[in-house]
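Reader: I have a new chain to look at. Can you walk me through it with short questions and answers?

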Amino acid sequence: MANERIILGIDPGTTIMGFGLIKVVNKKMEFLQLNELILSKYDNHYQKLRVIFERTIELIDTHHPDEIAIEAPFFGKNVQSMLKLGRAQGVAMAAGLSRDIPITEYEPKKIKMAITGNGNASKEQVAKMLQQLLGLKELPKNLDSTDGLAAAVCHFFNSGRVEIGKSYTGWDAFVKQNEKRISPPTPKGGAK
């Protein structure tokens, strides 16, 4: 019987969120799908987060991935943008964790290095290499979906290695590994 698993890759964003799916049969990867979620049409940031959660759940329930690879937010100068991006990533992670799917985060440079051999590669270089690796006939107009696919392929290339980034197998594991980030509960009726 073939050893088979599906990896969902996610490139979080608040304007466009990219998704890519690959199937791994034995030790060979096959392209399944890449797509993007256009969020710029929503004015309300909270509505965007809801749509991200719902679309991620829909992808999970449709394709039944065994693992999720997600691009970790990079450090930027605009704090508000970083906060919004972190929320988008967190909502996508919450969707996966709610279905008990293991999640691994990868820094953008690590993803680019895994795909092209160059941690400073452009989106276009990553997309072209994915096109060659997976035999894609054409590339999408927006490359956010290829960034999502790149996260999945990076995870495939890093599978079986000792250190593959931060990984969570469920809410309990996430909480245990992030105890310092959790605030104590506030008593009902506020502080006394």
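Reader: Let's start with Asn26. Is Asn26 buried, partly exposed or exposed?

Author: This is a predicted model, and the values are computed from it. Buried means under 20% relative accessible area, and exposed means over 50%. Asn26 has 47% relative accessibility, so Asn26 counts as partly exposed.

Reader: Where is Asn26, and what is its phi near?

Author: Asn26 sits in the loop between strand E2 (16-25) and strand E3 (28-38). Most residues other than glycine have a negative phi. Asn26 is not a glycine, yet its phi is positive, near 55°.

Reader: What phi does His64 take, just after H1?

Author: His64 lies in the loop between helix H1 (45-63) and E4. With a relative accessible area of 55%, His64 is exposed. His64 is not a glycine either, but its phi is positive, at about 50°.

Reader: How far apart are the end C-alpha atoms of H1?

Author: H1 has 19 residues. At 1.5 Å a residue, they should span 27 Å. The model agrees, because the end C-alpha atoms are apart by 27 Å.

Reader: Which residue caps the N-terminal end of H1?

Author: Look for a side-chain oxygen beside a backbone nitrogen. The backbone nitrogen belongs to Tyr46, and the oxygen lies 2.6 Å from it. The capping residue is Asn44.

Reader: What do the buried residues of H1 pack against?

Author: The buried residues of H1 include Leu49, Ile52, Thr56 and Leu59. In an α-helix, residues three or four places apart point the same way. The buried residues of H1 pack against E1, E2, E3, E4 and helix H2 (79-98).

Reader: Now the strands. Which residue in E5 is the bridge partner of Ile70?

Author: Strand E4 (residues 67-71) pairs with E5 in the parallel sense, over 4 bridges. Ile70 has its bridge partner in E5. That partner is Glu105.

Reader: Which residues of E5 point the other way from Ile103 and Glu105?

Author: In a regular strand the side chains alternate between the two faces of the sheet. Strand E5 (residues 103-106) has Ile103 and Glu105 pointing one way, and all of its residues here are buried. Pointing the other way are Thr104 and Tyr106.

Reader: Which residues does UniProt list for "active site"?

Author: The record is an unreviewed entry, and such annotations may be inferred rather than shown by experiment. Its "active site" listing names Asp11, Glu71 and Asp144.

Reader: How large is the largest C-alpha distance among them?

Author: They are spread over 134 residues of sequence. Even so, they cluster in space. The lining of the second largest pocket takes in Asp11, Glu71 and Asp144. The largest C-alpha distance is 11.1 Å.

Reader: Is Asp11 buried or exposed?

Author: Asp11 lies in strand E1 (residues 4-11). Its contacts, neighbours within four places in sequence aside, include Glu71, Lys123 and Asp144. Its relative accessibility is 6%, so Asp11 counts as buried.

Reader: Which residues does Asp144 contact, leaving aside its neighbours within four places in sequence?

Author: Asp144 is in helix H5 (residues 144-158). Its relative accessible area is 17%, so Asp144 is buried. Its contacts are Asp11, Ile16, Gly18 and Lys123.

Reader: Last one. What percentage of the protein chain counts as buried?

Author: The secondary structure comes to 6 helices and 6 strands. Along the sequence, the pattern is β-β-β-α-β-α-β-α-α-α-β-α. Of the 192 residues, the share that counts as buried is 45%.

Note on methods: Residues are numbered from 1 along each chain as its sequence is written. This is a predicted model: local features need pLDDT of at least 70, side-chain atom pairs count only at pLDDT 80 or more; totals for chains, interfaces and linings use all residues. Side-chain values use heavy atoms; hydrogens and water are left out. On a 1 Å grid over the protein atoms alone, a cavity is a set of points where a 1.4 Å probe fits but cannot get out, and a pocket is an open set with protein on both sides within 12 Å along at least five of seven lines; lining residues have an atom within 4 Å of a point. Helices (H or I, at least four residues) and strands (E, at least two) are DSSP runs, numbered from the N terminus. Buried means under 20% relative accessible area, exposed over 50%, partly exposed in between (1.4 Å probe, protein chains only). Contact means heavy atoms within 4.5 Å. Two strands pair if DSSP finds at least two bridges between them. The expected span of a helix is 1.5 Å times one less than its number of residues. A polar contact is a pair of N or O atoms within 3.5 Å; within protein, one must be able to donate a hydrogen and the other to accept it, and residues adjacent in sequence count only if both atoms are side-chain atoms.
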